[in-house]
Amino acid sequence: GSIYYNQEGTCWYEGDWVQNIKKGWGIRCYKSGNIYEGQWEDNMRHGEGRMRWLTTNEEYTGRWERGIQNGFGTHTWFLKRIRSSQYPLRNEYIGEFVNGYRHGRGKFYYASGAMYDGEWVSNKKHGMGRLTFKNGRVYEGAFSNDHIAGFPDLEVEFISCLDLSSGVAPRLSRSAELIRKLDGSESHSVLGSSIELDLNLLLDMYPETVQPEEKKQVEYAVLRNITELRRIYSFYSSLGCGHSLDNTFLMTKLHFWRFLKDCKFHHHKLTLADMDRILSANNDIPVEEIHSPFTTILLRTFLNYLLHLAYHIYHEEFQQFIP
């Protein structure tokens, strides 16, 4: 049944009832425009459900207990879209909740492209965790009260969300050197600090004295084609996606497999599983994520994957021509 709470018809509930109490499955639209769709118990959100706060541009999908986020879920904060950005402008947490707080194990994807995977206590990073900066560099260790343990002045939330090469580093002067080493803002790549190419396999083919020049030439090759590469990334990452609130899509492993198939990578006597194993060996990917179709791939990761596969395929094929 349905019930309307105002004459304008903007505040209503439609769903299951038991003894005049909301129980079962239903949709609740609030006067503010916020909407909840999911399970109910004793007039409260309880079970699996999705809440969309249109007033604050947030969304949560997951477990509820007596009206509060409890259990496993995904909470997304959508931010303002910036043209030409390679990152989806949203902060997203996927993990455990206790009484409405991020608490337990979970992953936080920052709008900048950085990602934290580890332990949480009352909405703060606390315990063992792994912080991946937007250029792919990694800090792994202990966190305390939302900071890297041993460096209480290092504002992890701040450096994860912003590009330190944009002139805001003086605020963190006491830890500036450590930050530059961690997030790669000291990088001199022609592609900038936001795209860090892993060229170790390619460079190992050359004497150490010429490696810097070879690296620069590969970066120039990517730079010449970066517009087309971005277009390809955008096209494949949007396949099967109907709508995005921030007008940006993240490529998944499933999208990447489709791309590899269209490029006929499998004609080189390699299956998709073989390619996944090559990439996981070269990029230190956790075992549980090797074959997951839902693993997300940022533009920089997409470029590194292409370089690794191209190196592996063509290096193997042309071995026969090496004297």
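1. A polar contact, as the term is used in this note, is a pair of N or O atoms within 3.5 Å, where within protein one atom must be able to donate a hydrogen and the other to accept it, and where residues adjacent in sequence count only if both atoms are side-chain atoms. In W120, a polar atom of the side chain forms such a pair with the backbone oxygen of G106, at 3.2 Å.

2. The model is predicted, with local features requiring pLDDT of at least 70 and side-chain atom pairs counting only at pLDDT 80 or more, while totals for chains, interfaces and linings use all residues. Residues are numbered from 1 along each chain as its sequence is written, and side-chain values use heavy atoms, leaving out hydrogens and water.

3. For an overall view, the protein has eight helices and 15 strands, these being DSSP runs numbered from the N terminus, with helices of type H or I and at least four residues, and strands of type E and at least two. Of its 323 residues, 42% are buried, where buried means under 20% relative accessible area, exposed means over 50%, and partly exposed lies in between, with a 1.4 Å probe and protein chains only. Of the contacts between residues at least 6 apart in sequence, 33% join residues at least 24 apart, a contact meaning heavy atoms within 4.5 Å.

4. What surrounds W120, the residue mentioned at the outset? W120 belongs to strand 10, residues 115-121, and is buried, with a relative accessibility of 3%. Apart from neighbours within four places in sequence, W120 is in contact with Y93, R102, H103, G104, R105, G106, F108, K125 and H126. One of these, G104, is 16 residues away along the chain, and its C-alpha atom is separated from that of W120 by 5.1 Å.

5. N70 offers another example of a buried side chain with a polar contact to the backbone: this residue of strand 7, residues 68-78, has 11% relative accessibility and therefore counts as buried. A polar atom of the N70 side chain lies 3.0 Å from the backbone nitrogen of N99. With neighbours within four places in sequence left aside, the contacts of N70 are Y60, R63, W64, E65, F97, V98 and N99.

6. Aromatic pairs, which number 21 in the structure, are counted for rings of Phe, Tyr and Trp (its six-membered ring) with centres within 6.5 Å, and are called stacked if the planes are under 30 degrees apart, edge-to-face if over 60, and tilted otherwise. One of them joins F256 and Y305, whose ring centres are 5.4 Å apart and whose planes are at 55 degrees, so that this pair is tilted. The pair links distant parts of the chain, since F256 is in helix 6 (residues 253-262) and Y305 is in helix 8 (residues 299-317), 49 residues apart. Both F256 and Y305 are buried.

7. Helix 6 can be followed further through its buried residues, which are K253, H255, F256, W257, F259 and L260. L260, within helix 6, counts as buried at 1% relative accessibility, and touches F265, H266, L272, M275 and L309 when residues up to four places away in sequence are not counted. The C-alpha atoms of L260 and M275, which are 15 residues apart along the chain, are separated by 9.5 Å. Just after helix 6, K264 takes a positive phi of about 60 degrees.

8. Helix 5 (residues 226-237) has twelve residues and spans 16 Å from its first C-alpha to its last, close to the expected 16 Å at 1.5 Å a residue, the expectation being 1.5 Å times one less than the number of residues. Which residues of helix 5 are buried? They are I226, L229, I232, Y233, Y236 and S237. These residues cover an arc of only 120 degrees around the axis, which puts them on the same side of helix 5, the arc being that of the directions from the helix axis to the C-beta atoms. An α-helix has 3.6 residues a turn, so residues three or four places apart point the same way.

9. Two loop residues also deserve a look. N43, in the loop between strand 4 (35-41) and strand 5 (44-53), has a positive phi near 70 degrees although it is a residue other than glycine, and is partly exposed at a relative accessible area of 36%. R66, in the loop between strand 6 (58-65) and strand 7, likewise has a positive phi, near 50 degrees.
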